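Reader: I am new to reading protein structures, and I would like to go through one slowly. Could we take it question by question, with the reasoning spelled out?

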Amino acid sequence: MRIVAVCLAALAGLAWLVPAAAQNRAALEASFQAWLESDIWPAARAAGVSRRTFDTQLAGIRLNFDLPELQLGGPGSGPVIDQPEFRSPAPYFNEDNLAALAREGRRRLAAWGETLAAVERRYGVPAEIVLAIWGRETSYGEVALRYDAVRSLATHAFIGRRPDFFRPELVAALKVLERGDVSREAMRSSWAGAIGQPQLLPAAYLQYGVDFDGDGRRDIWNSVPDTLATIANLLRDKGWHASREWGSEATLPSPATCALEGPQQGRPFDAWHRLGVTWTGEGPASDPRETRFLLAPAGVFGPVFLVTENFYAIKGYNNSDLYALFVGNLADRIAGDGGPFAGAWRRVEPIVHANIVTMQNGLIARGYDVGTPTGIVGYRTRTAIGSFQLSAGLPATCYPSAALASALN
Ligand code: CA
């Protein structure tokens, strides 16, 4: 009897161990259905979604366990992915990729020139910038959107790393379906729930989507005019100034330092000039009083730039310096006056995110503003590093390193 009992226990143990993941998934599916009713329905109703839309559009919906960045232990069970190392920006600006996107962008400029001119007349955003964003987001609509937007957003809102971010986006997606611009089947997205050729989240689509071809639907999945006008509409709202550049590559000789970077340290053109900063591609018509901002994405270990407010309008599309710089450079190439940066991205040591957080906390403890210490290195962290280095009598590099992390620990 004892042997049998042990065997049964062993079998029971195995039976429990082997399908634990499956059991967990079944339990998650059940609580997902309850959560849709208890949490999402009241929010959707308050947002104007009808019960009929809610029931028909969510009928049979299941979690998508194949998505990245899920907490498969259930809501609140913690991140399951390791943060990658922080590395040089160089791979982001892969020359073959940029050159191919520029060639295709020029073809699209020829094919859609009249539409792009009409978009520029209405929104004040030039063709090459709109094209560069379209190219960067979905290779001009060529990238297949492999995910059901509602299912992806619902999964991220329930067991994703950032449920508070995705929950209102799920409700916004239901509002989109309520309006009838697109069917549930046609509402395709990236794995992260960004919809259509411009890759907007549903709330941004509700705010900025444009029916530019006049067929009565804001179709950013199939209509190129709707896609182009939607991109331009968002950029105008984020502060794009018509007839102004995004910026240009610069040099940074002493006494100017990388610690002068960022949108809070703008100076007129002529003030940068007095500091010895030079830049490329500026005609004599540039207003010497126009404000420019220093951008140094890799500190002193890469090319530096003087940018305008328009650079920050591009960041309104995707809040990343590298993204905005990629779009600006691609736009220059599409317009026919751009190519690789003159400055090289120099080799830098990769550094793990935990060390960056340590460094950021060390800077905060010394009174520097790095924003939230997330392990992501933006201009605040770079300028704080540079200011700390200068105050310590060190050369300013404005770039993280393991040595700096231990000095600041
Ligand atoms: Ca349309």
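Author: Let us begin with a term: helices here are DSSP runs of H or I with at least four residues, and they are numbered from the N terminus. With that in hand, Gln-23 can be placed in helix 2, which covers residues 20-46. Please keep in mind throughout that this is a predicted model.

Reader: Is Gln-23 buried, partly exposed or exposed?

Author: The class depends on relative accessible area, where under 20% is buried, over 50% is exposed, and anything in between is partly exposed. The relative accessible area of Gln-23 is 43%, so this residue is partly exposed.

Reader: How far apart in space are Gln-23 and Gly-193?

Author: Along the sequence, Gln-23 and Gly-193 are 170 residues apart. From C-alpha to C-alpha, the separation in space is 27 Å.

Reader: How many helices and strands are there in the protein chain?

Author: The protein chain has 409 residues, of which 47% are buried, and its C-alpha trace spans about 90 × 60 × 40 Å along the principal axes. Its secondary structure comprises 16 helices and six strands.

Reader: What separates the centres of domain 2 and domain 3?

Author: The chain is divided into three domains, namely domain 1 (24-62 + 149-195), domain 2 (97-146 + 198-237) and domain 3 (247-307 + 348-409). When the centres of domain 2 and domain 3 are taken over C-alpha atoms, the distance between them is 32 Å.

Reader: Where does the second largest pocket lie with respect to the domains?

Author: The second largest pocket holds about 470 Å³ of space. Of its 24 lining residues, Glu-245, Trp-246, Gly-247, Asp-332 and Asp-337 are the closest to its centre. Because residues of the lining come from both domain 2 and domain 3, the pocket lies between domain 2 and domain 3.

Reader: Which helix gives the most to the lining of the second largest pocket?

Author: By class, the lining is made of ten nonpolar, eight polar and six charged residues. At least two lining residues come from each of helix 6 (127-138), strand 3 (247-250) and helix 13 (321-335). The element that gives the most, with four residues, is helix 13.

Reader: Is Asp-337 buried or exposed?

Author: Asp-337 sits in the loop between helix 13 and helix 14 (353-365), and its C-alpha atom is 37 Å from that of Leu-390, although the two residues are 53 residues apart along the chain. Its relative accessibility is 61%, and since the cut-off for this class is over 50%, Asp-337 counts as exposed.

Reader: Why is the arrangement of donor atoms around the calcium ion given the class that it has?

Author: The protein donors are Asp-211 (OD), Asp-213 (OD), Asp-215 (OD), Arg-217 (O), Asp-226 (OD) and Asp-226 (OD), which lie 2.2 to 3.1 Å from the calcium ion, and along the chain they follow the spacing D-x1-D-x1-D-x1-R-x8-D. Six donors count as octahedral if opposite donors are over 155 degrees apart and all others are between 65 and 115. The six donor atoms here subtend angles of 46 to 162°, and therefore the arrangement is irregular.

Reader: Which class of exposure do Asp-211 and Asp-213 have?

Author: For Asp-211, the relative accessibility is 26%, which makes this residue partly exposed. For Asp-213, the relative accessible area is 37%, so this residue is also partly exposed.

Reader: Which residues does a cis peptide bond join?

Author: As background, most peptide bonds are trans. In this model, omega is about 10° at one bond, and that cis peptide bond leads into Pro-255, a residue in the loop between strand 3 and strand 4 (267-268). The residues joined by the cis bond are Ser-254 and Pro-255.

Reader: What is the phi of Cys-398 near?

Author: In general, most residues other than glycine have a negative phi. Cys-398 is found in the loop between helix 15 (379-391) and helix 16 (402-408), and with 0% relative accessibility it counts as buried. Its phi is positive, in a residue other than glycine, with a value near 55°.

Key:
Residues are numbered from 1 along each chain as its sequence is written. This is a predicted model: local features need pLDDT of at least 70, side-chain atom pairs count only at pLDDT 80 or more; totals for chains, interfaces and linings use all residues. Side-chain values use heavy atoms; hydrogens and water are left out. Domain bounds come from an automatic or database domain assignment. Donors are N, O and S atoms within 2.8 Å of the metal (3.2 Å for Na, K and Ca); water is not among the atoms, so sites may look incomplete. Four donors count as tetrahedral if all angles lie between 85 and 135 degrees; four count as square planar and six as octahedral if opposite donors are over 155 degrees apart and all others between 65 and 115; anything else is irregular. Buried means under 20% relative accessible area, exposed over 50%, partly exposed in between (1.4 Å probe, protein chains only). On a 1 Å grid over the protein atoms alone, a cavity is a set of points where a 1.4 Å probe fits but cannot get out, and a pocket is an open set with protein on both sides within 12 Å along at least five of seven lines; lining residues have an atom within 4 Å of a point. Grid points are joined across faces, edges and corners, and a volume is the space filled by probe spheres set on the points. Ala, Val, Leu, Ile, Met, Phe, Trp, Tyr, Cys and Pro count as nonpolar, Asp, Glu, Lys and Arg as charged, and the others, Gly among them, as polar.
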